[in-house]
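Me: Could you take me through one part of this protein up close? I'd like to look at how the inside is packed, and then at a few odd spots in the loops.

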Amino acid sequence: DLKSKEVNREVASSSLKFLSGLPAHLDLDRDTEDVHHMIEQEAIKAIGMGKAGYLNLGKSRNDQVATALRMETRARLLELSTALCNVQSSLTLLIRKYGKLPMPGYTHMQHAQPITIGHHLQGYFEAVQRDLERAAQAYGRVNLSPMGAAALAGTSINVDREYVASLLGFEGLAENAMDAVSSRDFALETISVAAIAMVNLSRMAEELILWSTSEFGFAEVADEFSATSSIMPQKKNPVVAETVRAKCGSVLGEMTAAFAITKALPNSYNLDLQEVTPHLWRATDDALASATLMAEVFSSLRFNPERLLLSVRGDMSTATELANHLVKEQGVPFRQAHAIVGEIVRKSVERGSTLEETALKEMPSVSARVTGRALKIDKDQLRNVLDALKTLELTRTAGGANPRAVHRLLLKDSRSLKQNLSWIARARSLLKEADGRLRDQVSKTEGEVIR
């Protein structure tokens, strides 16, 4: 604060000129204690003790480090969020192209009910949407300024913390000085955001690996994200998806390490906190790289319509709809309808016959045994109920797999993506504006324009 008597304009101008002239990257002088000490020593050589001796007035390494960490962390959250938006964008393109294609829905890795590609991929989209919401919420808690907290108790020097925060692009203050310098929950939260995003990306990668096998044959990963075998020339291995799956374990490891380091630290600053930082950087680096790659993998993914259609024909995944039909058309309580259809499915499997054939033959006797009523079902009705494509059209509930919902969900997803990109753009704009104000203030103090 140049209105105070502690630092005059000449001292401030000389110090700012020195700092402005520093290169973006510095090699640490091993003869100095740390980077802070090194810069101060270089300043003393350049502008003399009478000016450089004021560089750290009212500041501590503690609040400087915490501030720098938060500035870098917020930038990484924006980068990760942008990459996750790219994943969403690629998913919407896939849904637009393949969304109405049928596929088996799975529980316990067994065919459960027919769904569509769009239904499955929209589930991915919503998972990423929650990742983005977590990142946005974390950003608000990260973007608070510790500057002026000094070592842990504040300072008697006249430092305008709010003004400093505004020049550095922060939205507010990390209020309590002790908490401002010693807390790393902003780092833990950011790692957690990265870890949860990686779990979601890893699950997607696992399914791409499965779908690209000859046993499934649902999809093909593009050549640029695959590799062949060193000995087996027919192989096309989805190596990028495998790497993403593996990186999830690495990020979870970084999260575990960071939590373990901080779990029993007393207030205030302890050097243990220094060990958290590499885990933060590695976790965000891996998450950013993984999201970037998965967006590219999805953008070039190709589905096999014939194989998908074949997979839902005769797979008995419409058995639930047959039970629902007995409830709606025959007035059978669902639990009894479930038992009837379950018995018919068992007989079908034992005999190697289709569900339709077995149902037509066995429905009266099985239903009589379960309900006391011999139920009959029209052949054409049964065929419609057991047809996967027609069954999909019967789904009525919001969020279901009805192909007619694909367009509506695409519109919803497009709005969400637009909102996500908007908050990222706004956050970047606010940081850019703050940087401009900082440079203007420095220029005024120096008496010249920094270019």
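Reply: Let's get one word straight first: a residue is buried if its relative accessible area is under 20%, exposed if it's over 50%, and partly exposed in between (1.4 Å probe, protein chains only). What you're looking at is a predicted model, where local features need pLDDT of at least 70 and side-chain atom pairs count only at pLDDT 80 or more, while totals for chains, interfaces and linings use all residues. Residues are numbered from 1 along each chain as its sequence is written, and side-chain values use heavy atoms, with hydrogens and water left out.

Start at Leu-94, which is buried, with a relative accessible area of 4%. Leu-94 is in helix α4; helices (H or I, at least four residues) and strands (E, at least two) are DSSP runs numbered from the N terminus. Who does Leu-94 touch? Skipping residues up to four places away in sequence, Leu-94 is in contact with Gly-99, Leu-121, Phe-298, Leu-301 and Phe-303, where contact means heavy atoms within 4.5 Å. Take Phe-303 from that list: 209 residues separate Leu-94 and Phe-303 along the chain, yet their C-alpha atoms are 9.1 Å apart.

Now hop over to Phe-298. Leaving out neighbours within four places in sequence, Phe-298 touches Val-87, Ser-90, Leu-91, Leu-94, Tyr-124, Met-204 and Leu-208.

Let's zoom out a bit. A nonpolar core is a set of buried Ala, Val, Leu, Ile, Met, Phe, Trp, Tyr and Cys residues joined through side-chain atoms within 4.5 Å. In soluble globular proteins, nonpolar side chains tend to be buried together. The largest core here has 71 residues, and Trp-211, Phe-298 and Phe-303 are the ones touching the most other members. Helices α4 (61-98), α5 (117-142), α8 (185-211), α9 (239-262), α10 (276-299) and α17 (405-446) each put in at least two residues. The top contributor is α8, with 14 residues. Apart from this core there is another one, of 18 residues, including Ala-319, Leu-326, Leu-355 and Leu-382.

Next, the rings. Rings of Phe, Tyr and Trp (its six-membered ring) pair if their centres lie within 6.5 Å; planes under 30 degrees apart are stacked, over 60 edge-to-face, and the rest tilted. That rule gives six aromatic pairs. In one of them, the rings of Phe-216 and Phe-218 have centres 5.3 Å apart and planes at 85°, so the pair is edge-to-face. Both Phe-216 and Phe-218 are buried. Ring pairs also tie Tyr-98, Trp-211 and Phe-303 into a cluster.

Finally, the odd spots. Where does His-108 sit? His-108 is in the loop between β1 (102-107) and β2 (110-116), and its phi is near 55°, a positive value in a residue other than glycine. His-108 is exposed, with a relative accessible area of 76%. Met-109 lies in the loop between β1 and β2 too, with a positive phi of about 60° although it isn't a glycine. Met-109 is partly exposed, at 48% relative accessible area. Then look at the loop between α9 and α10, where you'll find Ser-268: a cis peptide bond joins Asn-267 and Ser-268, with omega about 10°.
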